[in-house]
Amino acid sequence: MVELNGEINIPYGLYMEIENSNKKNSLKYLISHATYSCICKEGFVSVECEYQIRVFNNKVSDNGNNSISTKESIQLISQQSTILESSIKYSNGRSLCNSGGSDIDNWDDGETVEATILTSGEYYYLHIGSAGKYYVKLLLSTPYLTKKEAGMNLPIPQCSNNSVFFSVSHKDANIKIFNSFIDQSNSTLILEKLQLLNSQLSQSSSSSSPRTTTFVKLANEKSLKVQWTISDEINQNNDINDNNNKSNNSNSLAPKVTVKPNATVIQNNLCSIGEGLLLMKSHFNYKIIAGTLSLFNIEIENNINIINVEGVAIKKWEVLDRVNSSSAEASSSSSSSSSSSSLLSSSSRFSRVIQIQLDYGIENSYSFLITSEYSMKDTSGELSIPSMICMGEEISRQRGFLGVEARTNVEISDIGNEGLTMIDLKELTQQIRGMANHPILLSYKFLEPQFKLALKVKRNNDCAVLVSLVESMGWVTTVNYSGKMIHQMVLLIKNTQKQFLKIQMPWEYEIWSTTMDGEPIKPSIGESEQHLLIPILKPGCFDQNTPIKIMAVILQKKPHIFNDCKGKFNFVVPKFDLPLRSIFCSLYLPPCSVSKYAGNLKNVDSFSSDPPSAVSNSNTVSSVSKLGYNKSKRTTHQSIYVEIPTTRQKLNFEQILISGDKDLAFSFHYKLEKVQHYRDTKLNRNSTIINIILFVLLPIFTFYYFFFLNKHNVGQVFKSIPNNIKGDL
């Protein structure tokens, strides 16, 4: 695919493939309109579905001669719902049916064209065999989403025009239909549909009860998700009235009984201290004994900063001042009004409230997590742990646990507490131990949330630790008769923070090749030309236990001078800014005899362990590829892999646990063997024979040919010579 002057050129084959795929996936049917009428009943939601479907002519040709009508299966709704009744109407006319549905009564029954409802997988399907218009009507029984019977989720087929009527058997209920919008364009249809729903409700129920009905339009969605909330007081009064109506058939008024919510709370607090900051995670577990709760108020201290509140079905949360929160709670539910009264009686250091509102009321149990922080102003000093109090008359008991951990090298000690009991670490809850990322130093439990805890934090001085290490180094040097030297360096490095490997070269050099895990990299020059910087592109967060391999081939410009074929050979290995765990040096020399070894690298006959090899394993993935670096854009000039030559004379040197910034050197006395030049007698014999043939035998054979074998021709030639020339001859 090529872009030229704002136009995209694609291959012709790809274009034809796209065109053919579009022809194969042509539209075969269309759901033009869908209507869902939902009525909440006891234990389930009654849903009446109406679909207007247009099936296009789906006849295909068989080899260009015969036409075959293919059957289609149209996906409808999920099998989470149960179909109680169904009806299918069919028409082969061209005009679409009116929205009122007056023409649908005159349509044919779907059985005439073998249209039926089938099940496959997780959905119901409409199976048809003829093109035309279909009207499908289904009566479903759909279960509620929760035990509270305050939600429904029904997978539906895709349609661009969805109308939803929803009715809840409570007055002034808050109905939320997800991804919907209000449409009043067809007020007549809405009025007719509402009247029809009201008439059905009045016929089905013996006693009329207030209801909330809404009408919305739904976009092209794959599911119909509805949730609604009901005030606790109305819900409880309706339940009491229903029970009284079932037990008594008289028309006498039953006394109204109001059940107040009742709940207990367990707090699990984890305090993480380090770098002058206190991070606090508070997990609140509500056990709701009676009633439902949809509003939670947590009283907090002034100096704490709330970062986040996490929980299920949280509509919103906000931090309010004491005056604003009390006025807001007075205008809300009874539980929130009781919270404002307890707020006025709290201590002066609690002047803010976290107010958490849910989408719907919760029964049985509920939990949420509050993340907060507090600045200590310094890394050392005294610290007062803040506490949080659950507000409201519905709270019958509060207790909890507290754990303290240190994120950095700080020393924490308890200098005073009130309302806390020190416990063993094993007595803490699993929630606190699961939230901790470091060892827990102090652990407490409390029976009242108004506890006080004073800690002394002392920050100790940091100790330097090893962040990078050369685990193993292999150094290979080859020297020829003229004294020229070429070096190969192989490093296995474990790194967590360093970006460059700094090498101080003791002699003038020329870089031939540098690679990292087999991928070419480009080195750079540091403060001076003697400082070589090799980038380490692999951060330590990627598998710190696996070392990276750095390989470089270096040519030493100044050769070693062999004086009188004997002398002393001194060599210094370059310095590194990293410690070395082990180093292995191999030196290849011309044929010579050596003696009197010296230096901090020990001469050995064989290495104690295998030195790192310059050959990379093809099965391993390089660290550069793991990190996603584009090697074509990383460097403008890439190096090549160079394999250095070797000789038969090899010396081995090694050392362990040494510092890279010290001189690593070795020396010895040598005596080169004399090189004797031998002639090849066989080659000399062959050259002598060839010289005899060319310079002796060839002239003799030529003279014999002209003067003995060809006498007549020679006489004729002599006679044709003029006399004056003959005289001269």
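1. Let me start with a single residue, V696. Its relative accessibility is 43%, so V696 counts as partly exposed. The residue sits in helix α9, which spans residues 681–709. Please keep in mind throughout that this is a predicted model.

2. V696 also has company on the surface. Together with I689, I690, I692, I693, L694, F695, L697, I700 and F701, V696 makes a nonpolar surface patch of about 980 Å².

3. Next, a small piece of sheet. Three strands form an open sheet, and their order is β13-β18-β15, with antiparallel pairing. The edges are taken by β13 (151–155) and β15 (174–177), each of which pairs on one side only. On average, neighbouring strands here are turned by 10° against each other, if direction is ignored. As a reminder, strands of a sheet pair through backbone hydrogen bonds, in either a parallel or an antiparallel way.

4. It may help to look at one pairing of this sheet by itself. Five bridges join β13 to strand β18 (residues 223–229) in the antiparallel sense. If you want a spot to find on screen, P155 stands opposite S223 in β18.

5. Now to the aromatic rings. How many aromatic pairs are there? The count comes to 21 aromatic pairs. One of them is Y144 with W228, an edge-to-face pair with 6.0 Å from centre to centre and 65° between the planes. This pair links distant parts of the chain: Y144 is in the loop between β12 (132–142) and β13, W228 is in strand β18, and the two are 84 residues apart.

6. Are the partners in that pair buried or exposed? Y144 has a relative accessible area of 13%, so Y144 is buried. W228 counts as buried too, because its relative accessibility is 2%.

7. A second pair is worth a look as well. The ring centres of Y597 and F668 are 6.1 Å apart and their planes stand at 55°, so this pair is tilted. Here too the pair links distant parts of the chain, with Y597 in strand β44 (residues 592–599) and F668 in strand β47 (residues 664–672), 71 residues apart. Y597 is partly exposed, because its relative accessible area is 37%, whereas F668 counts as buried at 1% relative accessibility.

8. Finally, Y597 and F668 belong to a wider group of rings. Ring pairs link them into a cluster with W475, W507, F569, F571, F653 and F666. You could display these side chains together when you go through the model.

Methods. Residues are numbered from 1 along each chain as its sequence is written. This is a predicted model: local features need pLDDT of at least 70, side-chain atom pairs count only at pLDDT 80 or more; totals for chains, interfaces and linings use all residues. Side-chain values use heavy atoms; hydrogens and water are left out. Patches are made of residues with over 30% relative accessible area and no salt bridge: like charges are joined within 9 Å, nonpolar side chains (Val, Leu, Ile, Met, Phe, Trp, Tyr) within 5 Å. Accessible areas come from the Shrake-Rupley method with a 1.4 Å probe; for residues, only the protein chains shown count as cover. A salt bridge is a side-chain nitrogen of Lys or Arg within 4 Å of a carboxyl oxygen of Asp or Glu. Helices (H or I, at least four residues) and strands (E, at least two) are DSSP runs, numbered from the N terminus. Buried means under 20% relative accessible area, exposed over 50%, partly exposed in between (1.4 Å probe, protein chains only). Two strands pair if DSSP finds at least two bridges between them. Axes are lines fitted to C-alpha atoms, for helices over the stretch in contact, and angles run from 0 to 180 degrees between N-to-C directions. Rings of Phe, Tyr and Trp (its six-membered ring) pair if their centres lie within 6.5 Å; planes under 30 degrees apart count as stacked, over 60 as edge-to-face and the rest as tilted.
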